[in-house]
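Hi everyone, thanks for making time this morning. Let me put today's structure up on the screen, and then we can walk through it together.

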Protein chains: 2
Amino acid sequence: MKQKRPYACGVDAAVDVIDGKWKVLILWSLSTGGKRFGELKRDLSGVSEKVLIQQLRELAADELVHRRTYAEVVPRVEYSLTELGRSLNEALEPLGEWGARNRPGIEARRAHLSPERVNTADNHPRHG
Amino acid sequence: MKQKRPYACGVDAAVDVIDGKWKVLILWSLSTGGKRFGELKRDLSGVSEKVLIQQLRELAADELVHRRTYAEVVPRVEYSLTELGRSLNEALEPLGEWGARNRPGIEARRAHLSPERVNTADNHPRHG
DNA sequence: CTGTATCCTACACGATACTG
DNA sequence: CAGTATCGTGTAGGATACAG
């Protein structure tokens, strides 16, 4: 949700739409069905109300999720995926599989490579 | 490249790896073949040297790109995708297609919905 | 040409208190 | 319950100058 420069490619646009610390988790969480605000909050352990609502609104503005309010005595709002949101989730699947497959490797490399050293010269294998 | 909480799912891990303003563009740019630092810099118009090198190093640390130096009189370094990088690029394709397909809609919605209004109550259609 | 070294800033995210 | 209103913060990203 920054959109500074025009998108350079499709991935660029798609990433922009899911850009936000909790958005993919929200989409993921909603993929099994609509959820209320409180449920989501519990689901995404650690998110603040402010940020959750912020990202939900952005997702709604992008029409990936649908916000339905019920005029009841006790306030009730349900969020669910739109058709567009579902299609995005589908497009995300291969990426999810890639992540699942390679997660051990990723974590392993990051574990023994102290973050401070990543951006300092050659940890890189020599070729010559 | 933040990795604060343990990954909640595969997408989460994958997104973390491509998290960085220019990383997908770098991967995309390298998908057609190895490139030198200067070429990349020209390709990704607008990136600063500092940030470019930073993200290249992170990608290299994650073993998505390969950094090859040639000991010549005029410094020369070539970056290319690793097998892992190529596999990520493949996993990114559906997302890219989704983005390409929906980019017009995304931009349209964001255009007539002024950014300031996104996070203020109902722009949302009524249902009831 | 391929980087380092600094300095700076905006903005996403977070903590907390309050409201209909 | 489902938000809103504030205030505070870290850090990714950018500008620029310099170096091997």
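Let's start with a question: how many nonpolar, polar and charged residues does the surface near DNA strand C have? The split is nine nonpolar, three polar and eight charged residues. Before I go on, please keep in mind that this is a predicted model.

So, who are the neighbours of strand C? There are 20 residues around DNA strand C, and the closest come from both chains: K21(A) and K50(A), along with I53(B), R57(B) and R67(B). Of the strand C atoms that come within 4 Å of the protein, 62% belong to sugar and phosphate. Two side chains illustrate the phosphate part nicely. K21(A) places a side-chain N or O atom 2.6 Å from a phosphate oxygen of DNA strand C, and R57(B) does likewise at 2.5 Å. R36(B) goes elsewhere on the backbone: one of its polar side-chain atoms is 3.0 Å from a sugar or linking oxygen of DNA strand C.

If you prefer to think in secondary structure, chain A offers α4 (49–61), and chain B offers α3 (37–43), α4 (49–61) and β3 (76–81); each of these supplies at least two residues of the surface near DNA strand C.

Now for the other strand. DNA strand D is surrounded by 21 residues, and the closest are I53(A) and R67(A) from chain A, with K21(B), K50(B) and Q55(B) from chain B. Here sugar and phosphate make up 63% of the strand D atoms that come within 4 Å of the protein. By class, the surface near DNA strand D divides into nine nonpolar, three polar and nine charged residues.

Three contacts on strand D are worth pointing at. G38(A) uses a backbone N or O atom, 2.8 Å from a phosphate oxygen of DNA strand D. P75(A) also uses a backbone N or O atom, 3.4 Å from a sugar or linking oxygen. And which part of strand D does the side chain of E49(A) meet? A base oxygen, 2.8 Å from a side-chain N or O atom of E49(A). The elements giving two or more residues to this surface are α3 (37–43), α4 and β3 (76–81) of chain A, together with α4 of chain B.

Let's turn to the two protein chains. Chain B superposes on chain A by a rotation of 180° with 0.0 Å of shift along the axis, at an RMSD of 0.1 Å. The two copies are thus related as by a two-fold rotation axis. Each side brings 59 residues to the contact. Since 98% of the interface residues of chain B are also interface residues in chain A, the copies meet through the same surface. Together the chains bury about 5500 Å², with 64% of that on carbon and sulfur atoms. On the chain B side, L95(B), W98(B) and R110(B) lose the most area to chain A, together 14% of what that side buries.

Last, a word on annotation. An unreviewed UniProt entry marks residues 9–107 of chain A as "domain: HTH hxlR-type". Over that stretch the chain is 62% helix and 14% strand, and the end C-alpha atoms are 28 Å apart.

That's my tour, and I'm happy to take questions!

Note on methods: Residues are numbered from 1 along each chain as its sequence is written. Chains are lettered from A and ligands numbered from 1 in the order in which they are written. This is a predicted model: local features need pLDDT of at least 70, side-chain atom pairs count only at pLDDT 80 or more; totals for chains, interfaces and linings use all residues. Side-chain values use heavy atoms; hydrogens and water are left out. Copies are superposed by least squares on the C-alpha atoms of residues with pLDDT of at least 70 in both. Contact means heavy atoms within 4.5 Å. UniProt positions are given in the numbering used here, feature names are shortened, and annotations may be inferred rather than shown by experiment. Helices (H or I, at least four residues) and strands (E, at least two) are DSSP runs, numbered from the N terminus. A residue is near a molecule or strand if one of its heavy atoms lies within 4 Å of it. A polar contact is a pair of N or O atoms within 3.5 Å; within protein, one must be able to donate a hydrogen and the other to accept it, and residues adjacent in sequence count only if both atoms are side-chain atoms. Ala, Val, Leu, Ile, Met, Phe, Trp, Tyr, Cys and Pro count as nonpolar, Asp, Glu, Lys and Arg as charged, and the others, Gly among them, as polar. Buried area is the accessible area (1.4 Å probe) that two parts lose on being put together, summed over both.
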